[in-house]
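User: I have a model to go through and I want the reasoning behind each label. Take the terms one at a time.

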Amino acid sequence: MLELSDIGVRFGGLRALDGVSLSVAAGEIVGLVGPNGAGKTTLFNVISGNLRPQRGSLHFDGADIARVPAYARARRGIGRTFQIPQPMHTLTVAENLAVAQRFGAGRVDAHAAEEILDLVHLTGLASRDAATSLSLAELKALEVAKALATRPRMLLLDEVLAGLEAVAKRRFTQMLAEIHARYKLAIVIIEHDIETISTLCPRAAVLNFGQLIADGTPAFVFSQPDVVASYTGTVPDA
Amino acid sequence: MAARIAASFAFAVAAYALVPFAFSGNLYLMSMIVAALTIGGIALAWALLGNLGGLVSFGHAAFFGVGSYASALLVMKAGWPIGISLLAGGACAALAAVLMLPALRLRGPYFALAVLAYAHIFRIVATEWKGLTNGAGGIGNIPRFPVVLGYDFSSKTGAYWIVLSLVLAFALIYAGIRRSHLGLALRAMHDSEDATRAVGVNSTLAKASMLFLSAFMTGMMGAFNAHYINFLEPDYAFSGLWTMLPIVAAIFGGYRTITGPLIGAVVVYLLDQLVFKAMMPIGHQIVLGALLGAMILFAPQGLQSIFARRLPRLRMTSASGDA
């Protein structure tokens, strides 16, 4: 479904992404991990069209999307959330979903919106002002709901569990599993918590200093010396 | 809902019938009201661009001037009927806005300054393209509004009805867009453009469409004015006053609302021309400036917000009085 090949992004002298190649199949859940500054969010920005890479190719469903703008990628089925929740200001929760449905999915479907709100546990908050009256957990749920309202086939979740306390995190993880089961989406999730990745994702990919250093099952990936070293800051044995 | 329809009907009757009935004998006052509504139409177009497009323009004089000249020239040189040329004036102003598209990449004061510079370019073109516009000499004897079904629309009352209809049509279009999903997305875009793009909103096209619509409306007001005053010259048609007065009116009335710019235009222009000018024939704008400054300091949401705060109290007082 998604094919990234030799993606390179530089910010001045900094190589944010350096030759990253990654493919994600339809319906697959992939955990994207790595230390802070490894290039995870930059990779999401490249996939969603918020950032154009200096080199490499991107294909989604076989089509070259390198020059497709962000809004058009959303319409093609790439939904995303932001690390810092970005509700649409001045709009209610229901209006946030309506705008996402109208422009991302092509039509407003009140029944589908209710179903999504129920799934992310925001039922009853539809008339609330999205930017000013929601808790962090609710804002994160709204991020997911907005992305779902565009009827995506691939969901990019950028640290949606960060900042949540343990119970809320477990609930959220369960919710993501339900979303995957119901919509059969491909999901790529950036997450620091290894336990969550191991629970939710059959596959994990690890970025460090802009390079993909491991890709496989969580058990395999987290046993790799390079990966352990990237997290602990030690140098792996030769 | 029924109360709202009744209120709208009462307003329409008052605007279309009572104002001409009360003031048609005073041609000076009618001409002031027509001028106030002309400024109100531009103020509404300016506020639409600001509220929905999120763009602050200092260049609406360019759209007004292009609309004026386009309509006058199409009637005089191509023989178009005035009704069609009014629309064509708006369309030409929207076309002129196409040249501003590169400026949409800019934000805040940078966009405002780019548009201000752009407005000057049109003024220079109108002055120098003597073969078409007669340059600084201007164009005289621009055809007036015609007689339709025996009624002379070139009269003050006829012009009043035309400009009132244009302004109300603009207000309805503005209200329709604001209520639509496009309106919701546009309002949300100001503070969260990445978020709107991520759900499929083509933010550049959305902003551009508001720029075109605002230019179209302003161009139509310019076209109306050309046939109302029957004379054009570049320094008048592209005057900075066609930018500044509507901005002052919109801010005074409350630019976040639809009725605010209209109320602001009528109050500001009539106060200035009928009251302040009578008190201070020279320098009367100083009073207006001071009033605007006070309004920004003490009621930044404009007159509309003062009415909104006062009205519930008045209703409550009236209700308790009735009881």
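User: What makes the strands β6-β7-β8-β3-β9-β10 of chain A an open sheet, and which stand at the edges?

Analyst: In this predicted model, 6 strands of chain A follow the order β6-β7-β8-β3-β9-β10, with mixed pairing. Strands are DSSP runs of E, at least two residues; helices are runs of H or I, at least four; both are numbered from the N terminus. Two strands pair if DSSP finds at least two bridges between them. β6 (78-80) and β10 (211-216) of chain A each have a single partner strand, so one side of each lacks a neighbour in the sheet. On average, neighbouring strands are turned by 20° against each other, direction ignored. Such angles use axes fitted to C-alpha atoms, for helices over the stretch in contact; with N-to-C directions they run from 0 to 180 degrees.

User: How do you know that β3 and β9 of chain A pair?

Analyst: DSSP must find at least two bridges. Strand β3 (residues 29-33) and strand β9 (residues 203-208) of chain A are joined by 4 bridges and run parallel. The pair therefore meets the rule. A:Val30 stands opposite A:Arg203 in β9(A). Helix α1 (residues 40-48) of chain A packs on this sheet, touching β3, β6, β7, β8 (186-190) and β9 of chain A. The direction of α1 makes about 150° with that of β7(A).

User: Why is A:Ala204 called buried?

Analyst: The count decides (buried: 20 or more other C-beta atoms within 10 Å of the residue's own; exposed: 12 or fewer; partly exposed: in between; C-beta atoms are placed from the backbone). A:Ala204 has 26 C-beta neighbours inside 10 Å, so A:Ala204 is buried. A:Ala204 sits in strand β9 of chain A. Setting aside neighbours within four places in sequence, the contacts of A:Ala204 are A:Gly31, A:Val33, A:Ile197, A:Pro218 and A:Val221. Contact means C-beta atoms, placed from the backbone, within 7 Å.

User: Are A:Glu159 and B:Leu149 buried, partly exposed or exposed, and why?

Analyst: A:Glu159 has 19 other C-beta atoms within 10 Å, so A:Glu159 is partly exposed. B:Leu149 has 5, so B:Leu149 is exposed. A:Glu159 lies in the loop between β7 (154-158) and α6 (166-183) of chain A. B:Leu149 is in the loop between β1 (147-148) and β2 (151-152) of chain B. A:Glu159 has a positive phi of about 50° and is not a glycine. B:Leu149 also shows a positive phi of about 50° without being a glycine.

User: How do you know whether chain A agrees with a compact globule?

Analyst: The rule gives 2.2 Å times the number of residues to the power 0.38, with the radius of gyration taken over C-alpha atoms. For 238 residues, a compact globule would be near 18 Å; chain A has 18 Å, so the two agree. Buried residues make up 47% of chain A.

User: What makes up the side of chain B that touches chain A?

Analyst: 17 residues of chain B are in contact with 23 residues of chain A. α8 (181-189) and α9 (193-198) of chain B are the elements giving two or more residues to that side. The side divides into 7 nonpolar, 6 polar and 4 charged residues. Nonpolar means Ala, Val, Leu, Ile, Met, Phe, Trp, Tyr, Cys and Pro; charged means Asp, Glu, Lys and Arg; the others, Gly among them, are polar.

User: What do the numbering and confidence limits rest on?

Analyst: Residues are numbered from 1 along each chain as its sequence is written, and chains are lettered from A and ligands numbered from 1 in the order written. Local features need pLDDT of at least 70 and side-chain atom pairs 80 or more, while totals for chains, interfaces and linings use all residues.

Conventions: Contact = placed C-beta atoms within 7 Å.
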